[in-house]
Amino acid sequence: MDFSVYLHYWPKLLSGFGNTLFCWATGALLGIALGFALALLRRTGFAPLLWLLRGVIEVVRGTPFLIQLYLLYDGGPAIGLKLGAMQAGILALGIYGSAYFTEIFRAGFAAVPRGQVEAAESLGFSRLDILRRVRLPAMLIAIVPALTNMIIILSKETVVLSVIAVPELMYQMQSMAAETFAALETIIAMAVLYWLMVEAAARLGRAAELRVTAYLRVA
Amino acid sequence: MKLSAVQEALPWLLHAAVTTLWISVVAIVFGQILGLLVCLCRVSPNRALARFGALYVSFFRGVPLLVQLLLTYDLLPYIGIDVPPLAAAIGTLSLASGAYSGEIYRGALNAIPRGHVEAAQALGFGPVAIWLRILLPQALRISVPSLVNELILLLKASSLISIVGVTELARTSHTLAAQTYRPFETYVTAALIYLAMNLVLSGLGAAAERRLAAAGH
């Protein structure tokens with residue numbers, strides 16, 4: 001094995017890593033925003049809308065991310081949706097994530113103690129204030145583990161973006177492997193790197209969990 | 001959307017879906033065997049075994065599946081093992097599924113009240129009998145919903161083996177899309193086939209859950 005190929009390729013790999021982090025972060029944020037919006041829409045209780053949303057969520061959760069990505073990137077132009085590789089990749093991550101995030105938010109809304117909402121109502125809080133100051137903080141405590149778990153799952157899905165040639169880490173690594181024939185060195189490094197990244201993200205998640213539940217340990 | 005394109009692609013895609021289905025089923029069966037072993041390692045009083053179990057789970061859940069697949073493809077020939085791509089793909093899927101299933105079994109074991117084991121010990125059951133007659137049957141029953149979920153995840157994850165060259169549903173749809181210049185129709189059809197398979201699986205899972213719950217009373 002010969003790891004000296006990295007001496008030559010590190011600027012490309014660094015930019016690949018930057019793109020991986022960018023796609024992950026924007027994809028996850030988009031997914032969380034969409035997921036939250038969907039969860040709010042479902043709370044309206046308007047039946048046809050509920051059926052529609054449940055159908056959409058079922059479809060997104062029941063099909064592989066790879067097929068969704070192909071559909072968006074290769075199939076998009078057929079319905080007038082022309083996206084660059086990275087745009088398509090981030091949008092696909094966001095849509096895929098939103099179907100899972102929205103279920104997490106729904107569970108979170110259900111976990112807010114009714115008494116807190118009633119107390120806020122009797123104190124004359126507006127609906128927006130109840131959402132912002134009572135529901136959101138209370139549900140965050142319940143959903144942080146599930147949220148970090150899903151964000152970590154998305155970090156692993158970013159690898160799939162390499163198949164539509166988004167210049168993220170996997171793609172750069174594979175082109176390095178193709179040019180140098182150092183396939184094994186490349187893929188071992190990839191495995192270690194992603195393993196470390198996921199472990200680090202999991203640690204951050206646990207730290208966030210400790211932080212939002214800090215009030216439980218004050219007494 | 002042209003329906004004739006769907007009609008033309010459908011027989012090919014259905015044929016490929018059968019491959020996807022059997023690969024997933026074989027991988028989940030091996031995955032269950034590995035999962036039970038991993039779970040036994042993790043709950044073992046032997047610290048080295050417990051460490052190994054934890055490391056196994058951390059690796060296979062921490063490294064993206066596509067990276068694992070490529071690792072298998074590059075590593076096996078390097079150490080002189082020559083296996084066909086399909087076998088390597090099924091092996092990798094099984095290894096990954098073993099990590100997830102192992103954790104499901106471990107969670108299920110933890111959910112069994114300690115009193116059951118103590119009662120069995122008091123009645124003179126040996127350790128093997130306790131595992132076979134008390135712990136495993138209950139752990140399996142508790143695990144069913146999570147395992148069905150795991151099977152659905154595996155079926156979706158199996159689409160990634162198309163990238164390393166196995167001709168299953170994702171690969172066939174990719175090839176068809178390129179040949180017919182009808183990517184939209186082809187991928188929508190492929191997505192619906194995946195969805196249909198998953199809906200059937202989750203329906204079967206719900207039925208199995210009801211039966212096992214009934215058997216438990």
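A residue counts as buried when its relative accessible area is under 20%, as exposed when that area is over 50%, and as partly exposed in between. By this rule Glu103(B), with a relative accessible area of 16%, is buried because its value falls under the 20% limit. The structure described here is a predicted model, and the classes above are applied to its chains in what follows.

Chain B contains eight helices and zero strands. Its order of elements along the sequence is accordingly α-α-α-α-α-α-α-α. The C-alpha trace of chain B extends over about 70 × 45 × 25 Å along its principal axes. Chain B has 217 residues, of which 47% count as buried.

Salt bridges were considered next. Over all chains, the structure holds eight of them. In chain B, Glu103(B) is paired with Arg106(B), and the closest N and O atoms of this bridge are 3.0 Å apart. Both residues belong to helix α4 of chain B, which covers residues 85-111, and a spacing of three residues places them about one turn of the helix apart. The two partners fall into separate accessibility classes: Glu103(B) is buried at 16%, whereas Arg106(B) is partly exposed at 25% relative accessibility. Arg106(B) is assigned to the partly exposed class because 25% lies between the limits of 20% and 50%.

In chain A, Arg42(A), Glu103(A) and Arg106(A) are joined into one network by salt bridges that share partners. Within this network, Arg106(A) bridges to Glu103(A), with 3.1 Å between the closest N and O atoms. Helix α4 of chain A holds both Arg106(A) and Glu103(A), which are three residues apart, or about one turn of the helix. The relative accessible area of Arg106(A) is 43%, so this residue is partly exposed.

A further bridge in chain A links the side chains of Glu118(A) and Arg114(A), at 3.3 Å from N to O. These two residues lie in helix α5 of chain A (residues 114-122), with a spacing of four residues, again about one turn of the helix. Glu118(A) has a relative accessible area of 39% and is therefore partly exposed. Arg114(A), at 56%, is exposed, because its value is over 50%. In general, side chains of opposite charge can pair when their charged atoms come close.

On the surface of chain B, a nonpolar patch of about 660 Å² is formed by Leu21(B), Val25(B), Val29(B), Phe30(B), Ile33(B), Leu37(B), Leu40(B) and Val43(B). One of these residues, Val43(B), lies in helix α1 of chain B, which runs over residues 3-43. Val43(B) has a relative accessibility of 35% and counts as partly exposed. Membership of a patch requires over 30% relative accessible area, so Val43(B) at 35% passes this cut-off.

The second largest pocket encloses about 340 Å³ of space. Elements from both chains give two or more residues to its lining: α2 (47-62), α3 (65-73) and α4 (85-111) of chain A, and α8 (183-215) of chain B. The lining comprises 16 residues, and those nearest the centre of the pocket are Val59(A), Gln68(A), Leu71(A), Leu72(A) and Ile95(A). By residue type, the lining consists of 13 nonpolar and three polar residues, with no charged residue.

Definitions and conventions:
Residues numbered from 1 in each chain as written. Chains lettered and ligands numbered in written order. Predicted model: local features only at pLDDT ≥ 70, side-chain atom pairs only at ≥ 80, totals over all residues. Heavy atoms only, no water. 1 Å grid on protein atoms, 1.4 Å probe; cavity = no way out; pocket = protein on both sides within 12 Å on 5 of 7 lines; lining within 4 Å. Points joined across faces, edges and corners; volume = space filled by probe spheres on them. Nonpolar A, V, L, I, M, F, W, Y, C, P; charged D, E, K, R; others polar. Patch = residues over 30% accessible without salt bridge, like charges linked within 9 Å, V, L, I, M, F, W, Y side chains within 5 Å. Areas by Shrake-Rupley, 256 points an atom, 1.4 Å probe, with all protein chains shown as cover. Salt bridge = Lys/Arg side-chain N within 4 Å of Asp/Glu carboxyl O. Buried < 20%, exposed > 50% of the residue type's maximum accessible area, 1.4 Å probe, protein only.
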